Amino acid sequence: YGIERLLEGFLLADLPDTELHIYGTGDFDQEMTQIAQRHPNVVYGGLLLPSQAVEKEMEATLLVNPRSSQEKFVRYSFPSKTMEYMASATPVLTTRLPGMPKEYYPYVNFIDDESPQGIARALEAVFSRTEADLGRQGQAARDFVLKERNNRVQAGKILEMLRITERS
């Protein structure tokens with residue numbers, strides 16, 4: 001899901017006093033362990049309990065979803081990980097996934113060039129902003145998700161759609 005490109009981009013960006021933490025398991029585990037051993041600013045934490053993952057999300061300065069926008073399946077889905085990240089009030093950096101409605105755009109930062117060099121530029125751009133500015137964006141994202149995209153609002157939209165279909 002783009003972890004290798006994210007890692008390359010992070011190392012290219014050479015951000016002082018910044019660490020990249022990666023959690024989870026997958027095909028890249030062995031390589032991640034080796035890279036983390038060579039680069040002290042890369043932390044590979046393996047699999048976490050859901051409560052631990054949420055805690056890490058809230059401690060972070062930035063959450064990154066590097067999923068490629070070119071994969072066919074992303075046209076038909078919206079990653080729940082993005083909403084989870086937004087709900088944490090931590091700023092989000094993501095690719096422009098085709099399944100993401102434009103209403104989300106003001107609340108996230110984008111990786112427009114998905115190459116390692118483009119990811120490095122996107123990371124540099126986000127980290128050049130003030131902590132206060134990032135905090136405001138993260139809080140606005142949380143407010144948007146909790147007020148506009150909660151289960152009651154979404155269920156109401158489905159009910160309204162069913163009412164319209166019933167009248168037709």
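User: How far apart are the end C-alpha atoms of helix α7 in Å, and what span should its 17 residues have?

Analyst: This is a predicted model. Helix α7 covers residues 151-167, which is 17 residues. At 1.5 Å a residue, the helix should span 24 Å. The end C-alpha atoms agree with that, because they are apart by 24 Å.

User: Which residue has a side-chain oxygen that reaches a backbone nitrogen at the start of α7?

Analyst: Look at the start of α7. The backbone nitrogen there belongs to arginine 152. A side-chain oxygen comes to within 2.9 Å of that nitrogen. The oxygen belongs to asparagine 150.

User: How many helices and strands does the chain have?

Analyst: Read along the sequence, the pattern is α-β-α-β-α-β-α-β-β-α-α-α. The chain's C-alpha trace spans about 65 × 35 × 30 Å along its principal axes. Its elements come to 7 helices and 5 strands.

User: What is the order of the strands in the open sheet of 3 strands?

Analyst: The pairing in this open sheet is parallel. β3 (63-65) and β5 (109-111) stand at the edges, each with a single partner strand, so one side of each has no neighbour in the sheet. From one strand to the next, the twist averages 25 degrees. The order is β3-β4-β5.

User: Which helix packs on the sheet and touches β3, β4 and β5?

Analyst: Start with the pairing of β4 (residues 92-95) and β5, which are parallel over 3 bridges. The helix on this sheet covers residues 116-127, and its direction makes about 160 degrees with that of β5. The helix is α5.

User: Which residue in β5 is the bridge partner of threonine 94?

Analyst: β4 and β5 pair in the parallel sense. Across the bridge from threonine 94, the partner in β5 is phenylalanine 110.

User: Which residue in β4 is the bridge partner of valine 64?

Analyst: β3 and β4 run parallel and are joined by 3 bridges. For valine 64, the partner in β4 is leucine 93.

User: Are the residues on the two faces of β4 buried or exposed?

Analyst: On one side are Val92 and Thr94. On the other are Leu93 and Thr95. Both faces are covered, and these residues are all buried.

User: What handedness does the β-α-β unit of β3, α4 and β4 have?

Analyst: The unit contains β3, then helix α4 (residues 80-87), then β4. Its handedness is right-handed.

User: Why does serine 88 count as buried?

Analyst: Serine 88 lies in the loop between α4 and β4. Leaving aside neighbours within four places in sequence, this serine is in contact with Glu57, Met58 and Leu63. Buried means under 20% relative accessible area. Serine 88 is buried because its relative accessible area is 8%.

User: Which residue's backbone nitrogen does the side chain of serine 88 reach?

Analyst: The side chain of serine 88 reaches this nitrogen at 3.2 Å. The nitrogen belongs to threonine 90.

User: Which residues of strand β1 point to the face where side chains are buried?

Analyst: Along β1 (residues 20-23) the side chains alternate. His21 and Tyr23 point to one face and are not buried. The buried ones, on the other face, are Leu20 and Ile22.

User: Which residue in β2 stands opposite leucine 20?

Analyst: β1 and β2 (residues 42-46) pair in the parallel sense over 4 bridges. Opposite leucine 20 in β2 stands valine 42. The chain crosses from β1 to β2 in a right-handed β-α-β crossover, through helix α2 (residues 29-38). So much for the route; the residue asked for is valine 42.

User: What is the relative accessible area of histidine 21?

Analyst: Histidine 21 has its place in strand β1. Its side chain makes a polar contact of 2.8 Å with that of glutamate 19. Another polar contact, of 2.9 Å, joins it to the side chain of tyrosine 23. Histidine 21 counts as partly exposed, because its relative accessible area is 37%.

User: What separates the C-alpha atoms of arginine 121 and glycine 9, in Å?

Analyst: Arginine 121 lies in helix α5. It is partly exposed, at 46% relative accessibility. Glycine 9 is 112 residues apart from arginine 121 along the chain. Their C-alpha atoms are separated by 8.1 Å.

Note on methods. Residues are numbered from 1 along each chain as its sequence is written. This is a predicted model: local features need pLDDT of at least 70, side-chain atom pairs count only at pLDDT 80 or more; totals for chains, interfaces and linings use all residues. Side-chain values use heavy atoms; hydrogens and water are left out. The expected span of a helix is 1.5 Å times one less than its number of residues. A polar contact is a pair of N or O atoms within 3.5 Å; within protein, one must be able to donate a hydrogen and the other to accept it, and residues adjacent in sequence count only if both atoms are side-chain atoms. Two strands pair if DSSP finds at least two bridges between them. Axes are lines fitted to C-alpha atoms, for helices over the stretch in contact, and angles run from 0 to 180 degrees between N-to-C directions. Contact means heavy atoms within 4.5 Å. Buried means under 20% relative accessible area, exposed over 50%, partly exposed in between (1.4 Å probe, protein chains only). A crossover is right-handed if, with the strands pointing away from the viewer, the path from the first strand over the helix to the second runs clockwise.
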